[in-house]
Amino acid sequence: MPVPNEKPNILLIMADQLTPFMTGCYGNSEVLTPNLDRLTAKGVRFDAAYTPCPLCSPARASMMTGRYASDIGCYDNGSVFSSEEPTFAHCLSASGYDTVLSGKMHFIGSDQLHGFGKRLTTDIYPAEYQLMPRFVDESRHITQSDAWGNAANYNAQTAGARPWSVGINYDEETHFRAREYLYGQAGMNWNDQAVKDPFFLCVSYHHPHDPFHPSSEDWELYEGKNITLPEITREMEENYSTLDKWLNNGFHRSDVFPIKGQKNLYALRRAYSALVSYIDRKVGELLADLEATGLDKNTVVLFTSDHGDMLGEKGMVQKRCFYEWSSRIPLILKRPDEPVPGSTVSTPVSLLDLGPTILDLAGVAIDEGYCPDGHSILPVIQDEETYLEREVISESHGEGVMCPTFMIRRGDYKLTYIHNHERQLFHLPSDPSELHNLAGSVEYSEIESSLLSRLMERFDSDKIEKDFFESLKKRRLIQKALGINKTHWDFQPTFNASKRYHRVNTAVSDES
């Protein structure tokens, strides 16, 4: 059994593109997530957790640094995450933690660790500029070749069971390496000894990100089961915001987007549900491993995602917008001997808060070099009343978005601001589907003005837009040179096969 640490171990489990509205622990009784349900019953569920950017790479860079994506220059899925930006992993490593990453983190650039002591797998996406936006000019004109192919994954022709897939292959490797590490920490692998240093292990899966290709086993879980489909009305399409129209047009897939038809919606929701159940099963196996090794007695468990997916809500797919299905994320915290098991927190929190919270859980002071915008959410659990005016901000500027855009949530109200265009204001308790825009109403002018002023004080939209295009010019030149030089930044994990399994110290001596 492992030697107890003075500091707790921390296990962070991440899904990709998982909206909380498609999990049992957040109230969807149709989606089978028994392990997440049990984790929630033993821990704390956050009911208003948001991504700082509804796009993979910027969201994860913001999570690691605790800073807004525009402040660190991570605008899109092809933006370099600078190695000069300290992360909470640097803080943990400097404090004696064994910091380990297994799976996806979508870091762009030559630094593929960002404070982690080691990675157990490579990433599923390239570390270079392949996913960089390709606007024709600063008016953001795009061509057919610049559209995304993602919309092709949201229909009955492509969403469905497969014997195997690249995504499953990646997640299986991610999962195996993580389990191997946990048993090694407990001294239960051949010739391993229990490690005394506390560990931080991040296990980051690709699913339920598209393409939606679950195994037949998970697909059959939903055979004949009721699956609620989103209602899409002409009124919704007529009331699309400027941001909605930009995103819709970016797909250039009129045959499938906006997503239409009950057959397409059913296949999409069934395949997504199956992949959520797949991730849930992985979560259950990791939790069982903690119990089998005794590590559960001193290990904090966190579960979250980088952002959500519209999944046909309002006739939209993917992310990049600020509606709840896209910007909300699941966040569950389970501590050893959890003092408030089964509790919920309705105060808004953000992935920006994750790093400071992990450091708080670890008892590690925030170093002066690490300057997050987020804050520990442990005090929020203890006293929500004190944090009634707590606010979270999300932003999206580079991919499919034609100018800087922001969302701010404070209390029950959420404002979306599209620079030099319109605003949307929603009162979420009375309008959870975000159908009634209150912006411009005299009755709500004070709250609208207050939220907008906060965004104007914090962000310079004109500067962000200018910086974004300067970044694009630089990256285009570097990308050209990388291609000519055949330079790659991808991380390559190495393993000493001579010391694996039963082949440790088995060499025959000269005297035998």
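This is a short tour of one protein chain, from model confidence through helices and cysteines to cavities.

Let's start with confidence. What we have is a predicted model. The mean pLDDT of the protein chain is 91. Of its residues, 91% reach 70 or more. One stretch to treat separately is residues 508-512. There, pLDDT stays under 50. The model also gives residues 508-512 zero contacts beyond four places in sequence.

Now to the helices. Take H2, residues 56-65. How many of its residues are buried? The count is 10 of 10, so H2 is mostly covered by the definition of under 20% relative accessible area. Among these buried residues are Cys56, Pro58, Arg60 and Met63. Arg60 may catch your eye on the screen; it is on the buried list with Ser57, Ser62 and Thr65.

What do the buried residues of H2 pack against? Two strands and two helices are on the list: strand E1 (9-15), strand E6 (199-204), helix H3 (88-94) and helix H10 (354-362). Then look just after H2. Glycine 66 takes a positive phi there, about 75°.

H10 is one of those partners of H2, and we can look at H10 in its own right. H10 is mostly covered too, with eight of its nine residues buried. The buried residues include Leu354, Ile358, Leu359 and Leu361. Gly355, Pro356, Thr357 and Ala362 are buried as well. A glycine follows H10: glycine 363, with a positive phi near 70°.

Next, two single residues in other helices. Serine 273 is found in helix H8, residues 262-293. Is serine 273 buried or exposed? At 2% relative accessibility, it counts as buried. Leaving out residues up to four places away in sequence, serine 273 touches Met22, Val31 and Tyr222.

Glutamate 180 sits in helix H4, residues 166-185. Glutamate 180 is partly exposed, at 22% relative accessible area. Now pair glutamate 180 with leucine 120. They are 60 residues apart in sequence. In space, C-alpha to C-alpha, they are 9.9 Å apart.

On to the cysteines. A disulfide is a covalent bond between the sulfur atoms of two cysteines. How many does the whole structure hold? The search finds zero. Why is cysteine 25 not in one? The closest cysteine sulfur, in cysteine 202, is 18 Å from the sulfur of cysteine 25, and that is too far for a bond. Cysteine 25 is also buried, with a relative accessible area of 7%. Cysteine 53 is in no disulfide either. The nearest cysteine sulfur to cysteine 53 belongs to cysteine 74, 9.3 Å away. Cysteine 53 counts as buried, at 3% relative accessibility.

Last stop: empty space inside. The structure holds two cavities of 30 Å³ or more. The largest cavity has a volume of about 50 Å³. Which residues line the largest cavity? The lining is Ser241, Leu243, Asp244, Cys321, Phe322, Tyr323, Thr416, Gln424, Phe426 and Glu434. By class, that lining has five nonpolar, three polar and two charged residues. Helix H7 (242-251) and strand E14 (423-427) each supply at least two residues of the lining.

To recap: H2 has 10 of 10 residues buried, the search finds zero disulfides, and the largest cavity is about 50 Å³.

Methods: Residues are numbered from 1 along each chain as its sequence is written. This is a predicted model: local features need pLDDT of at least 70, side-chain atom pairs count only at pLDDT 80 or more; totals for chains, interfaces and linings use all residues. Side-chain values use heavy atoms; hydrogens and water are left out. pLDDT is the predictor's confidence in each residue, from 0 to 100. Contact means heavy atoms within 4.5 Å. A disulfide is a pair of cysteine sulfur atoms within 2.5 Å. Buried means under 20% relative accessible area, exposed over 50%, partly exposed in between (1.4 Å probe, protein chains only). On a 1 Å grid over the protein atoms alone, a cavity is a set of points where a 1.4 Å probe fits but cannot get out, and a pocket is an open set with protein on both sides within 12 Å along at least five of seven lines; lining residues have an atom within 4 Å of a point. Grid points are joined across faces, edges and corners, and a volume is the space filled by probe spheres set on the points. Helices (H or I, at least four residues) and strands (E, at least two) are DSSP runs, numbered from the N terminus. Ala, Val, Leu, Ile, Met, Phe, Trp, Tyr, Cys and Pro count as nonpolar, Asp, Glu, Lys and Arg as charged, and the others, Gly among them, as polar.
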